[in-house]
Amino acid sequence: MTDWYQLAPDQVAAELGSNSRTGLDQSEVADRRTHYGPNELHDLGGRSAWAILTEQLFSAMIALLFVAATVSIYLGEYKDAVAIVAIIVLNAALGFAQDFRAEKALAALKRYSVPNVKVWRGGAIDVLPARELVPGDLVALEVGNLVPADCRILQSTNLRIQEAALTGESEPVDKSITAIDSAVPMADRTNMAYLGTTVAFGHGQAMVTNTGMTTELGKIAHSLQTVRPKPTPLQTRLGILGRSLALTALGIVAVVYILGIVAGADPRVMLLTSLSLAVAVVPEGLPAVATVALAIGARRMFRRQALIRKLPAVETLGSVTVICSDKTGTLTENRMSVTVLDIAGHRLDLTEHLRDDDQGTAIAEGSTSRTTDSCPRIDPDDPQQLALALLLAGAGLCNDAELKSPKQGEPWKAVGEPTEAALILAAARLGLPKGELNENFPRVDELPFDSDRKRMTTVHVVKPTHCEGPGYRRSAVTDVLAHLGDVERIAFMKGAVDSVLSCCEYYWEQGAPEELDDESRARIVAANDQLAAMGMRVMGVSFRPLDDLGLARSDATDHDEVRPAPPRETEEAHIFVGLIGMIDPPRPEVRDAVIRCRQAGIRPLMITGDHPLTAQHIAQQLGIANGKPVVHGTELAAMDARQMEQRAASTSVFARVAPQDKLSIVQALQKQGHVVAMTGDGVNDAPALKQSHIGVAMGRTGTDVSKEASDMILLDDNFATIVNAVEEGRIVYDNIRKFVRYTMTSNAGEVWVMVIGPLLGMPLPLLPLQILWVNLVTDGLPGLALAVEPAERETMHRAPYPPTENVMGRGMWRDIAWIGVLMGAVSMLMGFLYWYHGFDAAYWRTVVFTVLTLSQLGNVMAIRAERDSLFQIGVFSNLALVGAVALTIVLQFAVIYIPWLQSLLKTAPLSLRDLLFCLLASTIVFWSVELKKFLRRHPTYASSDS
Ligand code: ATP
C-alpha cells in the first residue's frame with residue numbers, strides 16, 4: 001500500500017492519476033465510482049433484518065405461545081396447536097414488519113446526515129455529498145468540516161485538525177504539506193487528514209487517497225458495527241413498566257387458574273387458558289410500539305424539515321420548556337444586504353441604489369446588477385469618496401466569499417457566508433469586484449473569523465505595477481495607499497465594531513490617519529448604536545499598512561522582505577475606516593411560531609453574537625422581547641452561577657455572547673429544571689449543543705462539527721421548524737400514551753371477563769384460542785393505527801409534561817381500572833343472560849367474545865382524544881384507525897359466520913337480533929369514555945354531580 005505521507009504533493013497527484021490544481025477529470029469519476037464504490041462505511045448503525053427477526057422469535061411472548069402449543073398437543077387439541085402456531089407466525093410477522101419499517105425509516109433519515117464537501121473536478125468547484133468522493137478527488141478542508149475521507153494535504157493555511165477520535169490526541173494537530181521521509185505512526189503523519197477527524201482551524205486543500213471501508217476509520221469500523229443503539233429513555237421506562245406489569249398480570253393469571261379449578265374446570269384446560277390469558281395480558285408490545293411511534297415521529301419531523309439524528313430527541317422534544325435560538329439565519333432570513341456605508345460621519349444610503357436586485361436568491365447567495373449606471377460614483381479627488389473605496393476594498397479583501405463571474409448584463413452572484421457575500425456584492429456594485437481586488441492585493445496571511453473574537457484580519461501584498469491598470473476604481477485604493485507612502489503589505493480587518501475598535505489607535509479622516517481619541521471613539525460607537533437600533537448588523541472595517549509609515553510600533557517587522565506579519569502585530573494599531581450597515585429581515589413565519597411557543601408553555605430566548613441593539617430590535621419585531629433589558633456577553637462573564645441562573649430565568653435576549661457563554665446559559669437553565677433546546681452553527685457551539693437536552697444544528701449554514709454534536713438538524717435553518725418538531729414530539733408521546741391506555745384497558749377487560757365468569761358460577765367464559773384471537777386482532781391493528789393519530793387541538797395549548805413523567809400518570813391508572821371493569825362486566829353480563837336462559841356454551845361464549853372484541857373497538861375510538869369527543873375530532877380524521885377497526889369487525893364476523901373458523905374457534909353463528917344486541921351492548925364502553933371526557937370538558941356538570 002502506498003504511504004501517501006512519504007510522497008511529495010505532485011507525486012501524490014500523479015500516483016492517483018489526478019491534478020493537484022484542477023482535481024480529477026470528470027471522465028475519470030464514473031469509472032472510479034464503479035471501482036471503489038460509494039465513500040461510506042457499510043454499516044449505518046441499524047439492526048439487520050435478521051437481527052430484528054431473531055428478536056421477534058426469542059421474545060417472552062413467543063415462548064409463552066410455544067408452551068401453550070405444547071400443552072395443546074398434550075391435551076390432544078391438535079387443531080388448537082396448529083392455530084397457536086399460526087398465531088405465532090402472524091405475531092412474529094406483524095412485529096417484524098413494524099420493526100423493520102421503523103428501522104428502514106431511521107436508516108433513510110441517517111443517510112440525510114451525510115455531510116457535503118467542496119470538490120474540484122476538471123477545474124470547476126462543486127458541492128457534493130461526501131458519499132460521492134473517489135480517490136484522486138481534490139477537496140477543500142474548511143474550519144468546522146468533518147474530514148470526508150482519508151486525504152493527503154496539498155495546501156494548508158494554518159490548518160489544524162482535531163484527531164482525538166482517531167488517535168486520542170486531545171489538542172488539534174498542525175498540518176503541513178511537507179513529505180515525511182521515514183515511516184511514522186498515524187498520529188505523526190502531519191500531512192494527512194483522516195476520515196472521522198475534524199478541521200479545528202484554518203483551511204486547506206487535500207487529495208483523497210482512500211475512501212469508505214479502506215480508510216483508517218473503515219478498518220476499525222467493523223468493531224463499531226456491533227455497537228447497538230441504546231434504547232431511548234422512554235423505551236427503557238416502557239420496558240421496565242412492561243416487565244412489572246407482566247409480573248402483576250402473571251399473578252392475576254394465577255388467581256384465574258385457581259378460580260377456575262375451584263369452579264370445577266379441568267386443570268389441564270385451565271393451564272392452557274391461563275397461558276393464553278398470560279399471552280393476552282402481558283403488555284409485550286410496549287417498547288415495540290414506542291419504537292414505531294418514535295420512528296413515525298422522526299419521519300414526520302423530517303417532512304417538516306427537522307432531521308432527527310438521535311432518536312431520544314423525538315420524545316424529549318415534546319418536553320422542551322425553553323428554546324434558545326441564534327438570531328442570524330434562524331430568526332432572520334440570513335439574506336443580508338448592505339444598506340448603509342458610514343465613514344467619519346458621512347453616510348451613504350445604498351437602499352436606493354441596491355433596492356431592486358440585492359436580495360439574495362438563496363442562502364449564501366446574493367446578487368447585484370453588473371451594470372454600474374445606477375451606482376454612486378466615487379470621485380478620486382474627493383477624500384471622503386476615497387475613504388468609501390477603502391472601506392469597501394477592506395470589506396471585499398478581508399472576505400472569503402467568492403463572486404461568480406456573470407455574463408455581461410447579468411446580475412453578480414456571490415457564494416459564501418451571507419454576511420461576506422453581501423459585502424462583496426456591495427463592493428462589486430461600487431466598482432470593486434473581488435477578482436480585481438484579489439489580483440491587486442493577493443492575500444498572504446490571515447486570522448480567520450470566529451465567534452469569540454468577532455473579527456477577521458487578512459494580510460495582502462500590494463502590487464504597485466497593477467495600480468496603473470485601466471479604470472480609476474482599481475486605483476482608488478492604491479491612491480489612498482499612495483497617501484500613505486511606499487506600502488508593500490497591508491492588513492485589513494472587519495468585524496463587530498467594538499471588536500475592531502479595540503484594535504484601532506487611529507481613524508481615517510479626510511484622507512489621513514488621525515489619533516483615535518475618546519471623542520472620535522464615542523462618535524463611532526454612537527453611529528454604530530444608531531444603525532444597530534434600526535435592526536441592522538453593523539460591521540466595522542479597519543486597515544494597517546504593515547510597513548514603516550511612522551504609525552507602526554517599534555516592533556514593526558523588517559519591510560525589506562515581503563512575508564506574512566506575525567499575528568499580534570497584524571491586529572494592532574489599526575486605522576478605523578468606517579461602518580457598514582446590513583439588513584437581514586426577520587423570517588415572517590417566526591412571529592407566529594413565537595406565539596405558538598408561548599401558548600405551549602415554552603419560553604423562546606434569543607442568544608446572539610450580534611450587537612445588543614440589533615438583537616433587541618429584532619426580538620421586539622418577533623415578539624421575543626419581554627421588556628427586560630438585554631444581557632450583554634461581558635455582563636455574563638462577570639456573573640457567578642447564582643446570578644447567571646437569575647438572569648437566565650428572567651431575560652429573553654442575550655447579545656454579544658461568545659459560544660462558551662451559551663454553555664453557561666444552558667447549564668443555568670438546566671439547573672432550574674428546564675428542558676432546553678439550543679441552536680448552534682459554529683465549531684465552538686458544539687459543547688453547548690451537547691450539553692442541551694436538544695442540540696439543534698443548522699442544515700444549510702451549520703458546520704459539520706455542530707451537526708455531529710446535535711440531536712436534530714434544521715434543514716431550513718428556521719426557528720419555526722423547532723416549534724413544529726416540538727409539536728410532533730408531543731404527538732408521539734401522546735400517541736404512545738394512547739396505545740398504553742388502550743392496551744392496558746383492553747387487557748384489563750379480558751382479565752375481568754375471566755375473573756367474573758367463575759365468580760358468577762359460570763364455566764370458562766372464553767376458550768384459549770378465543771383469548772388469543774381477541775388479543776391478536778384488537779391489539780395488533782387498531783393499536784398500531786394509534787401511532788399515526790394526528791395532533792389534538794390541545795397539543796400546543798398546554799404546558800409541557802416533564803420528561804420523567806410516569807407514562808401511566810395523569811389518571812391513566814384510574815381509567816384502566818374503571819374501563820377494564822366496565823368492559824369485563826358488560827361482556828360477562830351479556831354472557832350471563834344467554835347462559836342463564838339456557839343457550840349452549842358455544843353460543844353464549846360467542847356473545848362474550850363478540851361483545852369483548854367490539855367493546856375494545858369502541859374503546860379505541862373513544863380514547864383517540866384525551867379531552868375532545870370523537871365527533872369533535874372527526875370520526876375519519878385517522879383513516880388508518882378507521883380501516884383497522886373496520887377490518888377487525890370483518891374478521892370478527894368471519895370467525896362467527898365462516899364454518900371452518902367456527903369449528904376452530906368453537907363459535908356459533910349469532911342470530912341477527914342477538915348480533916344487534918351485542919353491537920348495542922358493546923357501545924356502552926364507548927359512550928362511557930365519551931361521557932367521562934364530556935365531564936372533563938365541562939367540570940361544572942361534574943362538580944354539580946358530586
Ligand atoms: P447569531 O449567533 O445569532 O447567529 P451572529 O451571526 O451575529 O449571531 P456571530 O456569527 O458570532 O453571531 O457574529 C458575531 C459578530 O461578529 C457579528 O455581529 C458581526 O459583527 C461579526 N461578524 C459576523 N460574521 C463576520 C465575518 N464573516 N467576518 C467578520 N466579522 C463577522
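**Exercise 1. Find the bridge partner of Ile343 in β11, then work out how β10 and β11 are joined.**

Step 1. Start at Ile343: its bridge partner in β11 is His346. Strands here are DSSP runs of E with at least two residues, helices are runs of H or I with at least four, and both are numbered from the N terminus.

A word on the model before going on: it is predicted, so local features need pLDDT of at least 70 and side-chain atom pairs count only at pLDDT 80 or more, while totals for chains, interfaces and linings use all residues. Residues are numbered from 1 along each chain as its sequence is written, and side-chain values use heavy atoms, with hydrogens and water left out.

Step 2. Look at the whole pair: β10 and β11 (residues 346-349) run antiparallel and are joined by 4 bridges. Two strands pair if DSSP finds at least two bridges between them.

Step 3. Now inspect the turn. β10 and β11 make a hairpin with 2 residues between them, and Ala344 in that turn has a positive phi of about 45°.

**Exercise 2. Which strand pairs with β10 over 5 bridges, and why is β10 largely enclosed?**

Step 1. The strand is β21 (residues 574-583), which pairs with β10 in the antiparallel sense. Within β21, Ile580 is the bridge partner of Leu341.

Step 2. Check burial, where buried means under 20% relative accessible area, exposed over 50% and partly exposed in between (1.4 Å probe, protein chains only). In β10 (residues 337-343), 7 of the 7 residues are buried, so the strand is largely enclosed by the rest of the structure.

**Exercise 3. Trace the open sheet of 8 strands and find its edges.**

Step 1. Follow the order β8-β27-β26-β25-β9-β22-β24-β23, with mixed pairing.

Step 2. The edges are β8 (306-308) and β23 (631-632); each has a single partner strand, so one side of each lacks a neighbour in the sheet.

Step 3. For a parallel pair, take β26 (residues 694-698) and β27 (residues 712-714), joined by 3 bridges. Here Met698 has Leu714 in β27 as its bridge partner.

**Exercise 4. Describe the polar contacts of the ligand with Thr328, Gly609 and Arg656.**

Step 1. A polar contact is a pair of N or O atoms within 3.5 Å; within protein, one must be able to donate a hydrogen and the other to accept it, and residues adjacent in sequence count only if both atoms are side-chain atoms.

Step 2. One ligand oxygen atom is 3.0 Å from a polar backbone atom of Thr328. For Gly609, a polar backbone atom is 3.3 Å from an oxygen atom of the ligand. With Arg656, an N or O atom in the side chain is 3.3 Å from a ligand oxygen atom.
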